Amino acid sequence: MFNSRWLLVPFYLGLIVGMVLLLAKFATELLHLVGTLPEASTGELIVGILALIDLSLVASLLLIIIFSSYENFVSKMDTGDNEDRPEWMGHVDFSDLKLKVIGSIVAISAIELLKSFIKVGELSNEQLAWKVGIHLTFVVSGVLFALMDRLGEKH
């Protein structure tokens, strides 16, 4: 039963493939942005840059999930004295991971909302209201997760 934890490894390998796909999408978006630079408006440029930030946040989130989940549920990673070892590696438990995930989702949602505000003329009030409502739902969920973790620590 203890060795069944190794069944999680293919999931983490799949997430690594997902990072490669995000990298390909990032490169495509970057090339498109560079190609449209001469005729792009400032708003279009900002939206393009926000899309790149969005992709990089998702990739960073995937990396945190892969490393910390592997270390929490499968096996410790022996990186020796490697100076490139991230500070957080080996210190992110499941509770921290959950908060990092919700925090990243809130940040990604905020970027999507900002992109909508830049293109506010293209969206109806109802569409904007839904986007704000969804974002606020993520924010409230994040606050509640943090509060639950804080309350759980005291017991």
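This briefing covers the helices, salt bridges, surface patch and selected residue environments of the structure above. The model is predicted, and every value below is computed from its atoms. The structure holds 4 salt bridges, and Asp54, Glu112 and Lys115 are linked in a network of such bridges. A nonpolar surface patch of about 320 Å² also appears, made by Ile46, Leu114, Phe117 and Ile118.

**Helices H3 and H4**

- Helix H4 runs over residues 125–153 and has 29 residues, and the distance from its first C-alpha to its last is 42 Å, close to the 42 Å expected at 1.5 Å a residue.
- Helix H3, with 25 residues, should span 36 Å at 1.5 Å a residue, and this agrees with its end C-alpha atoms, which are 36 Å apart.
- The buried positions of H4 are Leu128, His135, Gly142 and Asp149, and the buried residues of this helix pack against helix H3 (94–118).
- In H3 the buried residues are Leu97, Ile102, Ser104, Val106, Ile108, Ser109, Ile111, Leu113, Lys115 and Ser116, and they pack against both helix H2 (42–73) and H4.

**Salt-bridge network around Lys115**

- The side chains of Lys115 and Asp54 meet in a salt bridge with an N to O distance of 3.9 Å; because Lys115 lies in helix H3 and Asp54 in helix H2, this pair ties together parts that are 61 residues apart in sequence.
- Lys115 also forms a salt bridge with Glu112, where the closest N and O atoms are 2.9 Å apart, and these two residues both lie in helix H3, 3 residues apart, or about one turn of the helix.
- Both Lys115 and Asp54 are buried; Lys115 is classed in this way because its relative accessibility is 12%, which falls under the 20% cut-off for buried residues.
- Glu112, by contrast, has a relative accessible area of 31% and is therefore partly exposed.

**Salt bridge within helix H1**

- Glu29 forms a salt bridge with Lys25, the closest N and O atoms being 3.5 Å apart.
- Because Glu29 and Lys25 are 4 residues apart in helix H1, about one helical turn separates them.
- Each partner is partly exposed, as Glu29 has a relative accessible area of 25% and Lys25 has one of 41%.

**Nonpolar surface patch**

- Among the helices contributing to the nonpolar patch, H3 supplies the largest share, with 3 residues.
- Leu114, one of the residues that make the patch, is found in helix H3 and counts as partly exposed because its relative accessibility is 40%.

**Selected residue environments**

- Ser68 is found in helix H2, and a polar atom of its side chain lies 2.6 Å from the backbone oxygen of Ile64.
- With a relative accessibility of 2%, Ser68 counts as buried.
- Leu7 has its place in the segment before helix H1 (9–36), and its relative accessible area of 62% makes this residue exposed.
- Although Leu7 and Val74 are 67 residues apart along the chain, their C-alpha atoms are separated by 8.8 Å.

Conventions. Residues are numbered from 1 along each chain as its sequence is written. This is a predicted model: local features need pLDDT of at least 70, side-chain atom pairs count only at pLDDT 80 or more; totals for chains, interfaces and linings use all residues. Side-chain values use heavy atoms; hydrogens and water are left out. The expected span of a helix is 1.5 Å times one less than its number of residues. Buried means under 20% relative accessible area, exposed over 50%, partly exposed in between (1.4 Å probe, protein chains only). Contact means heavy atoms within 4.5 Å. Patches are made of residues with over 30% relative accessible area and no salt bridge: like charges are joined within 9 Å, nonpolar side chains (Val, Leu, Ile, Met, Phe, Trp, Tyr) within 5 Å. Accessible areas come from the Shrake-Rupley method with a 1.4 Å probe; for residues, only the protein chains shown count as cover. A polar contact is a pair of N or O atoms within 3.5 Å; within protein, one must be able to donate a hydrogen and the other to accept it, and residues adjacent in sequence count only if both atoms are side-chain atoms.
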